[in-house]
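Welcome! Let's take a walk through this protein together, one part at a time.

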Amino acid sequence: ERMMEIRRQNCNPMTMKVTYYKKPVYIHQGHMQWLWDVDGRRYLDLFAGVATVSVGHCHPWKEHKNIWDQLWHTTNIYVYSPLHEYTEKLAATLPDPLKVIYLTNSGSEANDLAMLMARLHTGNFDVITLRGSYHGGSPHTMGLTSNAAYKYPVASGLGCHNTMCPDVFAGPWGGSNCRDSPIQTIRDCSCPQGSCTANDKYIGQLNEVFATSVPSRIAAFFAEPIMGVGGAVQYPKNFLKDTYKLVRERGGVCIADEVQTGFGRTGSHFWGFQGHDVIPDMVTMAKGIANGFPMGAVVTTPEVAASFAKGVHFNTFGGNPVACAIASSVLDEDGTQQISHNVGTYLLTELAKMRDKYEIIGDVRGKGLQIGVEMVKDKASRKPLPPAAMSEIFEDTKDMGVLIGKGGVYGQTFRIKPPMCITRDDADFFLAVFNQALHNYME
Ligand code: PMP
């Protein structure tokens, strides 16, 4: 095991640290919602390679894929059926006029491309994103990403105004600000339904941004339907709808980053934006699109695509036949959205009970199988639980056989986004383990 660690450090010194750094997990193999380490220990995988293995590790349908014997690659300057068969199927999942698809290799590449298309289409340059957001790690998308931990200073000035965005995420919670928003958590809203005024506050801040910080014409607004890396942050009701209106009034296009929320993960809808009563001008996706096989996409309208068609754009691997075949099987998989809804709702309900029991659980939020558990020092101070304490609970949960994720601006939110094949028994197993880990920490 030590050898594996040394070899990894020597030849692949990723800037992203290995998670579980106290005692790394040496993954050997996976099947559906399970992973095994080199010693044969089994883990329930509730993080799915960061919400990527959407329908299960090494899904059995891989054996039925004759694509491996047929065609591994030929680039998209040729016509081959897996590409158009897949894009037709993907387009059918989206409402009109979102029907034109560009295939990429990652979420960052998809957002890069979306930003380019937005600028070409509008003739404007400035882009607005939300505080706490993560939209990628390429030099351009680093500008979209707001979380300082993922930015290199030289790359942050590319006309992307995330530091001046509406203050949706500031405050000691680093995430859940509107405690009373009807959609913030599954808890009952303490103010009467529909009377929450937080949205007016944020829209007011956005108007101030427009008035003081950015030119009157903008290129784009990017937002996830529910924040992922930011810690399952949800917005006040109508926030996206009202923001889209203001952005469009200033000539900008609205882009839904569905890299984490797409493909049924939010349970109630196939696409996260559908839960906000909006239709974006562009939707970007990756991660779960091909169950862990590298792939991404930008879907847009014929109108936006026409502006892009004035130039030439090419990427070698976009629309790789194997990726398309696997992505097609993801769309064919039955019941994933329903599982997200059923098991997700159950988990949210049970975790909310734990929040009431433990002083260090500040908030439980999310939708479907996009869940965040925000940890605090105590409920009164609402200060984030410090990294060392987070790590203790995180490692303990792993030692008892469950892998989860961490996120939030202060790393204070546990994230649960498993393959969408988990069962209620798996949820119970996790709840027992997590309960034990919290109990051990509090001792
Ligand atoms: N957008 C969101 C919402 C993401 O969560 C991520 C990755 N965490 C990306 C974009 C970037 O995707 P990738 O890592 O595939 O480039």
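The paragraphs below go from the domains to the strands and then to the ligand.

Please keep in mind that what you see is a predicted model. A good place to begin is the division of the protein chain into two parts: domain 1 covers 2-59 + 336-442, and domain 2 covers 67-332. Domain 1 is thus written as two stretches of the chain, while domain 2 is written as one.

Where the two domains meet, 41 residues of domain 1 are in contact with 34 residues of domain 2. On the domain 1 side, at least two residues each are supplied by helix H2 (48-51), helix H11 (336-357), strand E10 (361-367), strand E11 (370-375) and strand E14 (413-416). Helix H11 makes the largest contribution to this side, with nine residues. If you sort the domain 1 side by class, you will find 20 polar residues, 13 nonpolar ones and eight charged ones.

Now let's turn to the strands. One open sheet has four of them, in the order E1-E2-E3-E12, and their pairing is mixed. Strand E1 (27-31) and strand E12 (402-403) are the edges, each pairing on one side only. Further in, strand E2 (residues 34-37) and strand E3 (residues 42-45) are antiparallel partners, paired over three bridges. To find this pairing in the model, look for tryptophan 36, which stands opposite arginine 42 in E3.

Another strand worth a visit is E9 (residues 296-300). Why is E9 described as largely enclosed by the rest of the structure? The reason is that five of its five residues are buried. In a regular strand, side chains alternate between the two faces of the sheet. In E9, Gly296, Val298 and Thr300 point one way, Ala297 and Val299 point the other way, and all are buried.

E9 also has pairing partners. Strand E4 (residues 100-104) runs antiparallel to E9 and pairs with it over five bridges; here valine 100 stands opposite threonine 300. Strand E8 (residues 282-285) is antiparallel to E9 as well, joined to it by four bridges, and threonine 284 stands opposite valine 298.

Our last stop is the ligand. Which residues come nearest to it? Of the 15 residues around the ligand, these are Ser106, Gly107, Ser108, Gly136 and Val259. Helix H5 (residues 107-122) gives the most to this shell, with three residues. By class, the shell holds eight polar, five nonpolar and two charged residues.

Technical notes: Residues are numbered from 1 along each chain as its sequence is written. This is a predicted model: local features need pLDDT of at least 70, side-chain atom pairs count only at pLDDT 80 or more; totals for chains, interfaces and linings use all residues. A residue is near a molecule or strand if its C-beta atom, placed from the backbone, lies within 6 Å of it. Ala, Val, Leu, Ile, Met, Phe, Trp, Tyr, Cys and Pro count as nonpolar, Asp, Glu, Lys and Arg as charged, and the others, Gly among them, as polar. Domain bounds come from an automatic or database domain assignment. Two residues are in contact if their C-beta atoms, placed from the backbone, lie within 7 Å. Two strands pair if DSSP finds at least two bridges between them. A residue is buried if 20 or more other C-beta atoms lie within 10 Å of its own, exposed if 12 or fewer, and partly exposed in between; C-beta atoms are placed from the backbone.
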